[in-house]
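This report treats aromatic ring pairs, enclosed and open spaces, and selected local features. The sequence and structure are shown first.

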Amino acid sequence: MAIFTFTSATGAPGVTTTALGLTLAWPRDVVLVDADRAASQTVLAGYLNDVQTGGRGLTSLTQLWRDGLDLASDLPKHMVEMPGTDTKDTPHWFIPGFARPGSSTLFEPVWFELMDALAGLDRQGIDVILDAGRWGAQGLPAAVMASTRQLVMVTRSSLPALATLRLYVPDVTAAASAVPACTTRLVVVGPGLPYSAREIADHFKLPTDGLPWQPEDAAHLSDGMPSRHWSNKRPLTRAYIEMADKLRAAVDQWDAQFDRVPSRSTHDEAAAEGVPAYV
């Protein structure tokens, strides 16, 4: 199991759509978690607009934690099964995010227990894709950083987007470098508009992948628009499949090289190894 965290420097570069597209293309069982601290209903109002959640998600997990119950044992009850595509047969689930503004403030003490519960999915061979929304001035919660294997910054290729990204990259790379097993990479939505993925990679000195600019196909995910062409023959779908395989393979290669998966299960362990407290 590995946790792949997606974030951005600016608003609306395509973090949620990218995380959702990769979830549907993932080569293993996977759970998508809406961990955006700014309450959003993007997935539920878009791709999952016909799915009933029954109140499941981070808000219900907060109540579970308040009641002193074990998050790990109850976590499957808070997952929503996602409708699939014809590209992958592996199961994928979704944990909805915060139901109202301000809910994330109440969740601050729950992050470490949630990440421990997600790490427990390892025994079931399930990966986790975390949609963390914007990085923000304080970065991501310490528990999220301590458990992340790949930290992915999503950006557009425009000059304003890259200028903002440049402000945040030092903090992002510093936070990732404090976690031995965590690597950082960029994903460019719409490379060549105007800067190419290679130009961006050369400038920021980070591994960089590109996703083709396909607004109609992306709208199937972001807005729940009907699509008769969501297949592995479409450029965007192919890009999701290739990127999902690449991200998963990178973690396997790291594990094979070091023959271990570092444990980050408690706040004390994270603090002892110098993980910044981005809370």
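## Aromatic pairs

Phe98, Phe107 and Trp111 are joined into a cluster by ring pairs. Rings of Phe, Tyr and Trp (its six-membered ring) pair if their centres lie within 6.5 Å; planes under 30 degrees apart count as stacked, over 60 as edge-to-face and the rest as tilted. The model is a predicted one, in which local features need pLDDT of at least 70 and side-chain atom pairs count only at pLDDT 80 or more, while totals for chains, interfaces and linings use all residues. Residues are numbered from 1 along each chain as its sequence is written, and side-chain values use heavy atoms, with hydrogens and water left out.

In total, the structure holds 4 aromatic pairs. Two of them are set out below.

| Pair | Distance between ring centres | Angle between planes | Class |
|---|---|---|---|
| Phe4 and Trp26 | 4.8 Å | 70 degrees | edge-to-face |
| Phe98 and Phe107 | 5.3 Å | 70 degrees | edge-to-face |

The pair of Phe4 and Trp26 links distant parts of the chain, 22 residues apart. Phe4 belongs to strand S1 (residues 3-8), whereas Trp26 lies in the loop between helix H1 (15-25) and strand S2 (30-34). Helices (H or I, at least four residues) and strands (E, at least two) are DSSP runs, numbered from the N terminus.

Both Phe4 and Trp26 are buried. Buried means under 20% relative accessible area, exposed over 50%, and partly exposed in between (1.4 Å probe, protein chains only). In the other tabulated pair, Phe98 is buried with a relative accessible area of 1%, and Phe107 is buried at 0% relative accessibility.

## Cavity and pocket

On a 1 Å grid over the protein atoms alone, a cavity is a set of points where a 1.4 Å probe fits but cannot get out, and a pocket is an open set with protein on both sides within 12 Å along at least five of seven lines; lining residues have an atom within 4 Å of a point. Grid points are joined across faces, edges and corners, and a volume is the space filled by probe spheres set on the points.

The structure holds 1 cavity of 30 Å³ or more. The largest cavity contains about 40 Å³ of space, and its lining consists of Ala35, Arg37, Trp111, Leu130, Ala132, Leu140, Pro141 and Val144. Trp111 thus appears both in this lining and in the ring cluster. By class, the cavity lining has 7 nonpolar, no polar and 1 charged residues; Ala, Val, Leu, Ile, Met, Phe, Trp, Tyr, Cys and Pro count as nonpolar, Asp, Glu, Lys and Arg as charged, and the others, Gly among them, as polar.

The largest pocket holds about 460 Å³ of space. Its lining comprises 30 residues, of which Pro13, Gly14, Val15, Thr16 and Thr17 lie nearest the centre. At least two lining residues come from each of H1, helix H2 (42-45), strand S5 (127-134), H10 and helix H11 (235-258), and H1 gives the most, with 4 residues. The pocket lining has 13 nonpolar, 12 polar and 5 charged residues.

## Local features

In helix H10 (residues 215-222), the buried residues are Asp217, Ala218, Ala219, His220 and Leu221. Gly224, just after H10, takes a positive phi of about 70 degrees.

Gly139 is placed in the loop between S5 and helix H7 (142-147) and is buried at 1% relative accessibility. The C-alpha atoms of Gly139 and Val172 are separated by 7.6 Å, although these residues are 33 apart along the chain.
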